[in-house]
Amino acid sequence: MDAVVAGQQARRRIRPPEPLVMAGSPSTPAAFRCPISLEVMRSPVSLPTGATYDRASIQRWLDTGHRTCPATRLPLASTDLVPNLLLRRLIHLHAATLPPSPSPGEVLSQLAAADGEPAAAEKAVRSLASKIAPEKGKRASVASAVAADLDSAVPALLSFAKGGAGADARVDAVRILATVAPELILYLTGEEREKRGKVRMAVEALAAVLSADGVCEDTKEGLIAGLVAGDLGRIVSTLISEGANGVVVLEAILTSPVPDADAKTAIADRSELFPDLVRILKDAASPAAIRCMAAAVLVRGRPARSSMVRAGAVPALALAVAAAPTAVAESALGLLVEAARCSDGKAAIGADAAEVAAAVMGRMIRVGPAGREAAVAVLWLSCCAGGGDRRMREAVASAPEAVGKLLVVMQGDCSPSTSRMAGELLRAVRMEQERKGLAAAYDSRTIHVMPY
């Protein structure tokens with residue numbers, strides 16, 4: 001009898017297993033949530049390790065170069081993603097038992113009311129994004145709800161996309177904006193164009209969509225097709241007038257395969273294009289302005305180089321080389337190479353020889369391989385090619401540690417043509433230094449570099 005009672009007491013002391021749920025959301029099993037985003041999975045897929053994730057989250061993980069399983073940390077023998085159809089079916093069955101979700105319009109109202117409450121705003125954005133499904137009706141319902149109140153919904157989504165939310169949530173906000181891209185394009189061409197605040201809002205939203213990694217290429221190409229199908233001249237003027245965000249959109253048009261060559265040429269030939277791009281580069285230090293100039297030069301060639309130089313691009317590019325982040329500086333060096341290929345460009349570089357030489361020499365070994373080769377090309381074209389420019393040779397010869405930096409490039413991992421140009425530059429610099437009576441010894445602290 002005592003043994004029976006003891007067994008009953010022992011069984012009472014054994015706690016039953018707790019249900020597999022997430023804290024703060026007792027109705028949703030944890031197995032339904034992605035281990036990365038912690039959101040209910042929309043398209044569950046499994047890795048070879050057996051772990052299951054939402055397709056969008058694990059694809060972003062793989063696209064950033066990871067080759068391990070986030071949950072197990074095990075190396076992946078393959079990056080193939082296998083749809084977990086059983087789990088997807090269970091998630092759908094579970095969703096059917098939940099109360100009906102609010103309509104897109106109700107969610108937008110929640111987003112507007114969540115001003116200053118990041119958690120509430122993120123919940124609303126996630127809810128809206130979950131309704132952008134492959135089913136056309138669901139996607140259309142979100143687009144209709146946002147389009148019905150563009151003037152308040154778009155600023156709220158833009159504010160969230162730029163705020164402190166998680167990366168996945170910010171991408172969701174931009175994906176929602178993409179659903180109303182056709183309506184936003186109308187702001188650039190229709191009567192709303194006269195209302196500058198709304199035009200600025202539309203251009204900022206279009207720039208966010210076209211520059212986002214989480215928006216599919218088909219959506220971006222459809223947006224660009226809508227832009228070039230309208231009054232292209234009017235749209236380009238509007239984009240340029242809106243500064244850095246407009247330039248992001250313009251760059252996307254020039255680099256997209258959607259517009260034909262005639263449309264791109266018409267943009268590159270606009271007389272105000274390069275002056276406005278130079279102004280934007282000076283005012284906002286916009287990387288997109290440099291990329292847009294590069295795209296226009298690629299489209300139009302020599303006429304675009306001359307237009308760029310006449311617009312005063314050389315001093316602005318030299319400033320970007322000296323002070324901008326590495327990627328922007330490398331792009332600016334590439335454009336200086338294009339400028340140096342024409343006579344107007346060489347003259348402009350010679351006129352600002354001290355600034356250009358100081359910027360290029362100062363950044364030469366503080367950029368990547370492509371940047372170093374572009375730096376050598378700029379100096380060779382302006383100092384040596386066709387007899388070169390004496391002002392540039394003097395400026396390069398006077399730059400601190402010029403010889404040592406050229407030697408570093410020559411003995412580094414550069415192409416044969418770059419090594420040849422650096423060698424010719426080195427001879428020109430030494431001759432200029434000797435002519436001016438400068439030190440005959442190598443003026444470099446890089447004493448470990450042996451001269452040729």
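**Helices that cross, and helices with two faces**

In this predicted model, the axes of helix α11 (residues 217-229) and helix α13 (residues 244-255) come within 10 Å and cross at roughly 95°. Residues are numbered from 1 along each chain as its sequence is written. Local features here need pLDDT of at least 70, and side-chain atom pairs count only at pLDDT 80 or more.

**Exercise 1.** Describe how α11 lies against α13, and say which residues meet.

*Solution.* Start with the angle: the crossing is at roughly 95°. Therefore α11 is roughly perpendicular to α13 (a word used for angles from 65 to 115 degrees). Next, find the partners: I224, L227 and V228 of α11 meet V249, A252 and I253 of α13. Finally, sort them by class: the contact has six nonpolar, no polar and no charged residues.

**Exercise 2.** Check the span of helix α3 (residues 85-96), then find its buried side.

*Solution.* Take the span to begin with: at 1.5 Å a residue, the 12 residues should cover 16 Å (1.5 Å times one less than the number of residues). The end C-alpha atoms of α3 are 17 Å apart, which agrees. Now list the buried residues of α3: L87, I91 and H94 (buried means under 20% relative accessible area, exposed over 50%). Seen down the axis of α3, these buried residues fall within an arc of 65°, so they line one face of the helix. Turned away from that side are the exposed residues L85, L86, R89 and A96.

Technical notes: Side-chain values use heavy atoms; hydrogens and water are left out. Helices (H or I, at least four residues) and strands (E, at least two) are DSSP runs, numbered from the N terminus. The arc is that of the directions from the helix axis to the C-beta atoms. Buried means under 20% relative accessible area, exposed over 50%, partly exposed in between (1.4 Å probe, protein chains only). Axes are lines fitted to C-alpha atoms, for helices over the stretch in contact, and angles run from 0 to 180 degrees between N-to-C directions. Angles under 35 degrees count as roughly parallel, over 145 as roughly antiparallel, 65 to 115 as roughly perpendicular and the rest as oblique. Contact means heavy atoms within 4.5 Å. Ala, Val, Leu, Ile, Met, Phe, Trp, Tyr, Cys and Pro count as nonpolar, Asp, Glu, Lys and Arg as charged, and the others, Gly among them, as polar.
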